[in-house]
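Please open the structure in the viewer and keep the selection tool at hand. The tour proceeds by selections.

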2 protein chains.
Amino acid sequence: MADSGKSWVEIDPLSEFSLANLPFGIVSTKDRPEPRVGVAIGDYALDLSTICSGPHKDEELSRLCWGHSPCIIVAPTLNGLAALGGDRVREVRAALRKFLSGTTRPFSINPSGPLPAHIFIPLSEAQMHLPMVIGDYTDFYAGMHHAFAVGCMFRGPNNALQPNYKHLPVGYHGRSSSIVVSGTPIHRPRGQILDPSSADPKQPATGPSKKLDFELELGCFISRPNDMGRAIPVNDAKDYIFGYVLLNDWSARDIQSWEYVPLGPFNGKNFATTISPWVVHPDALEPIRTTGIKNDTPLQPYLAETVKENVYDIQLEVDIKTSGSDMSMTIARTSSKHLLWSFPQMIAHHTIGGCSLRTGDLFGSGTISGPSPEESGSLLEMSENGKKPLALGSSRRTFLEDGDTLVLRAVAGTAGARVGFGECSGLVLPPLS
Amino acid sequence: MADSGKSWVEIDPLSEFSLANLPFGIVSTKDRPEPRVGVAIGDYALDLSTICSGPHKDEELSRLCWGHSPCIIVAPTLNGLAALGGDRVREVRAALRKFLSGTTRPFSINPSGPLPAHIFIPLSEAQMHLPMVIGDYTDFYAGMHHAFAVGCMFRGPNNALQPNYKHLPVGYHGRSSSIVVSGTPIHRPRGQILDPSSADPKQPATGPSKKLDFELELGCFISRPNDMGRAIPVNDAKDYIFGYVLLNDWSARDIQSWEYVPLGPFNGKNFATTISPWVVHPDALEPIRTTGIKNDTPLQPYLAETVKENVYDIQLEVDIKTSGSDMSMTIARTSSKHLLWSFPQMIAHHTIGGCSLRTGDLFGSGTISGPSPEESGSLLEMSENGKKPLALGSSRRTFLEDGDTLVLRAVAGTAGARVGFGECSGLVLPPLS
């Protein structure tokens, strides 16, 4: 990992968008509504198109990024950029770092005064869009502390984890159509629910979910496809990763518990999934690689990684702001290292049977909870399925209420070289009808 | 339903591509490799582009189909055509029928001799492509005889159907990346499998599936989107259907049975799904609407249809050709009417929580089996999970072997007005590695 160094862009040492990060996103502005590729740096989204052509052109970035057909920079998604492949994207990041490094501005930028606002869009004025066209979305279940806690709740500690859990990264196919970018409000879902206190507790009724929950997850975007029928070896899998996002897998526990046997979660999950706006490149997380949860089960060869430090120690935080309050309250803090399976293992497992992955496919890690109760990645765990309300100032919560805003945050690295994703937030609205 | 009438195109009365059908597909030829919209008629794929512009132009079809940007006719998918919406697609079908009807050719076509081969592509020379860009694929489980038979096998007749089965159309999110058009060979998947006869029957091993199966299904393509958060009322749902295909949900039973608790099928299903090349419009199936399996459970209001005849009586057939034989053998015959839930009910259920559907989304019905053993839509049922091999001439089958070609066929309607989808076939190849 190269030293993140100095930039002629003024960057707060605590900013999650240091020179060490350089995440990609899709941005537009009121003045120029066409969505295009941006790079977060300090308090700005650098509009990549403005330095790939025209009077402020950087020759190296232009050579790498401009002239593709269709254009990969003035584009509503990062798919084109991701499809360039790992080495080319690395070259783009290196050129960006070179462009932004040093103590004096490049000759193409006015030497003093404010930075040109059409090049450096203040983040407060940047409209962020869903960063990728997502073909298929797969949600795994690799957060073992979460899986164990939920298993204990429903089956007791002796049968908490299913027999397959430590042999393979359990996952299910999710819904890509309802994935939205941070800041998009979410409507509480309606659905079939059993009410154990009703006269006939085996007869469902249709109504708004009373157990709307979040799930704290890390997401991973696929960069390049594999041929159908051809498995991706686990030790090659990192070459198929474009970058990471924060992910909130909104869940309606009451809908889910009635529907999910035998084919898995459906309407309890498919109403909405929120991701952070910025996609962080794996190289930016390289300094915080660490070992995940130790797996005491002998691994099948196709899941055996040579690298031991196969997860990231990103500090995760869950905040909630209730409608009656101006203040956010932090309800959980944990680390993304609490995973039994790495993303390369998930990729290897997903393709062992020949399933084809495509550029822009999204993997969710599964809910990440730490070993202690304050590190819970869902309200299901925190409230013990509604039994123990959380105190939030003057109000209490078992599950989410209309008007609540749920915010996931993440940061890694040290001052001056911090790496984050932007917040992953969503306001809960009542059902539409 | 209008009389299908006569066409100046010579059509065998037994052809599944009568004037009453007019299904859409995506076709290319050696001479002209760009994929484009075709319409099946008799032994031909009518190249729609050739009669929407140029010297053979039909004014009405040109007005309806030509000049869209991007072009919806010279296009690699039917998504543009589907997105026109129900009324416009109906107008296109009416104009096609008008163009093809009568006893004498339109003035734009040479009055005698062979039909121009660039307009009427012989089906034997037409390369068929996947007809839609599929955003999300959802597979339901509405074939109750199948669900019951499989439930009996694993849980006995008293608990064969789960408590939710008659309350809601159970389904799961499938994998869209591995959906292929009829004729595409399939590689047998590898994966984790438990071997009950091994020294340690609880320890999985990784290898090729020994229980590769097919599933006979009807597929349904969505025409237009709903807003996220907004449910589609069941009695409006038919307006969201573009058309139907035959679907083979290839399944690896041994991989599936180890992986599927608690989050549902994954690698046991996601390696391949095959669909027929031709998408049949709902109007073509209107004459064979009938009632499905009676549901004795009180329905939630959002699932209550006013129409009673909510499924189709399409005659379905499953053929197998083994590598050692030139002959196909029919191993099952049934009807698509054997469903507990209709596609409008599946649409209403899928969106009750606000999940967004998009043009090109695909729904599978779930395996369709009739009430008798000869009507089984999977080898799992026919062979009672491998216990009773089927005799196929001189060979026997419990599950599929490498070199087997599995073909689904379907036909509805009477001679002169028959409606089919083209065959849905796939050859089983060994694993790639």
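The stops below cover the contact between the chains and then two pockets in this predicted model.

**The contact between the chains**

Begin by selecting the residues of chain A and chain B that touch: each chain contributes 60 residues. About 5700 Å² is buried between chain A and chain B, with carbon and sulfur atoms giving 55% of that area. Within chain A, highlight A:His173, A:Leu263 and A:Phe266, which lose the most area to chain B and together make up 14% of what that side buries.

Next, display the polar interactions. Four salt bridges are counted between chain A and chain B. One of them joins A:Asp361 to B:Arg175, with the closest N and O atoms 2.6 Å apart. Between the two chains, 37 residue pairs are in polar contact, both residues being at pLDDT 80 or more. Now colour the elements of chain A that give two or more residues to this side, including β7 (171-173), β10 (190-193) and α8 (343-351). The side of chain A that touches chain B divides into 27 nonpolar, 25 polar and eight charged residues.

**The largest pocket**

Where does the centre of the largest pocket lie? Select B:Phe154, B:Arg253, B:Gln256, B:Ser257 and B:Trp258, the residues nearest to that centre among the 40 that line the pocket. The space in this pocket is about 1000 Å³. In chain B, β6 (137-140), α5 (144-155), β11 (205-208) and α6 (253-259) each give two or more residues to the lining.

**The second largest pocket**

Finally, move to chain A and select A:Phe154, A:Arg253, A:Asp254, A:Gln256 and A:Ser257, which lie nearest the centre of the second largest pocket. Its volume is about 820 Å³. The lining comprises 17 nonpolar, nine polar and eleven charged residues.

Terms used: Residues are numbered from 1 along each chain as its sequence is written. Chains are lettered from A and ligands numbered from 1 in the order in which they are written. This is a predicted model: local features need pLDDT of at least 70, side-chain atom pairs count only at pLDDT 80 or more; totals for chains, interfaces and linings use all residues. Side-chain values use heavy atoms; hydrogens and water are left out. Contact means heavy atoms within 4.5 Å. Buried area is the accessible area (1.4 Å probe) that two parts lose on being put together, summed over both. A salt bridge is a side-chain nitrogen of Lys or Arg within 4 Å of a carboxyl oxygen of Asp or Glu. A polar contact is a pair of N or O atoms within 3.5 Å; within protein, one must be able to donate a hydrogen and the other to accept it, and residues adjacent in sequence count only if both atoms are side-chain atoms. Helices (H or I, at least four residues) and strands (E, at least two) are DSSP runs, numbered from the N terminus. Ala, Val, Leu, Ile, Met, Phe, Trp, Tyr, Cys and Pro count as nonpolar, Asp, Glu, Lys and Arg as charged, and the others, Gly among them, as polar. On a 1 Å grid over the protein atoms alone, a cavity is a set of points where a 1.4 Å probe fits but cannot get out, and a pocket is an open set with protein on both sides within 12 Å along at least five of seven lines; lining residues have an atom within 4 Å of a point. Grid points are joined across faces, edges and corners, and a volume is the space filled by probe spheres set on the points.
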